[in-house]
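Reader: I am new to this structure. Please show it to me, and then let me ask how its labels are earned.

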Amino acid sequence: MKEALVLVPLVDNEGVPFTTFWFEQLENRLLRDFGGYTLEATVSGAWKARDGKIHKDVSQPYCIAYKSDAKLQSLLNYIKEAFKQEKIYAKISQYKVLFI
């Protein structure tokens with residue numbers, strides 16, 4: 001198995017917070033498709049949009065173990081659409097994940 005860390009913003013690009021509904025939907029999908037997830041402490045950062053506007057984000061990192069690259073890509077596309085993002089940040093580990 002491999003590991004991915006995906007940052008999911010807490011608010012949209014207009015500053016409107018996502019409701020718990022969206023996070024519950026995501027977490028249910030993570031349980032269904034990957035068997036679980038780990039939440040890490042929230043992180044903050046910034047990014048520059050195509051129009052030059054700077055957006056500051058606070059995001060919830062989700063850590064998952066996965067086997068299928070296609071399933072991970074499907075998840076990233078879902079997050080991008082559901083959370084109305086131009087891009088999604090995902091860090092993919094090159095190490096094996098073991099459950100012992």
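Author: Start with one yardstick: buried means under 20% relative accessible area, exposed means over 50%, and partly exposed lies in between, with a 1.4 Å probe and protein chains only. The model is predicted, so local features need pLDDT of at least 70, side-chain atom pairs count only at pLDDT 80 or more, and totals for chains, interfaces and linings use all residues. Residues are numbered from 1 along each chain as its sequence is written, and side-chain values use heavy atoms, with hydrogens and water left out.

Reader: What makes A41 exposed?

Author: Its relative accessible area is 62%. The cut-off for exposed is over 50%, so A41 counts as exposed. A41 sits in the loop between β2 (38-39) and β3 (43-48). Its C-alpha is 9.4 Å from that of Y62, 21 residues away along the chain.

Reader: How do you know what counts as a helix or a strand?

Author: Both are DSSP runs, numbered from the N terminus: helices are H or I with at least four residues, strands are E with at least two. By that rule the protein chain has two helices and five strands. Their order along the sequence is β-α-β-β-β-α-β.

Reader: Why does the radius of gyration agree with a compact globule?

Author: The rule is 2.2 Å times the number of residues to the power 0.38, and the radius is taken over C-alpha atoms. For 100 residues this gives a value near 13 Å; the protein chain has 14 Å, which agrees. The C-alpha trace spans about 45 × 30 × 25 Å along its principal axes. Of the 100 residues, 36% count as buried.

Reader: Why is A82 called buried?

Author: A82 has 11% relative accessibility. That is under 20%, so A82 is buried. A82 belongs to helix α2. Contact means heavy atoms within 4.5 Å. Leaving aside neighbours within four places in sequence, A82 is in contact with F18 and W22.

Reader: And what is K91: buried, exposed or partly exposed?

Author: Partly exposed. K91 has a relative accessible area of 47%, which lies between the two cut-offs. K91 lies in strand β5. Beyond residues up to four places away in sequence, K91 touches E3, A4 and L5. From K91 to I64 it is 11 Å, C-alpha to C-alpha, with their positions 27 residues apart in sequence.

Reader: What makes a set of residues a nonpolar core?

Author: The members are buried Ala, Val, Leu, Ile, Met, Phe, Trp, Tyr and Cys residues, joined through side-chain atoms within 4.5 Å. The largest such core here has 17 residues, and V8, L26, L75 and F83 have the most contacts inside it. Elements giving two or more residues are β1 (2-9), α1 (20-34), β4 (54-66) and α2 (69-82). The most come from α2, with five. Not counting residues up to four places away in sequence, L75 touches L26, R29, L30, F34 and I64.

Reader: What is the phi of K84?

Author: Phi of K84 is near 50 degrees, a positive value in a residue other than glycine. Most residues other than glycine have a negative phi. K84 lies in the loop between α2 and β5 (89-92). With 54% relative accessibility, over the 50% cut-off, K84 counts as exposed.
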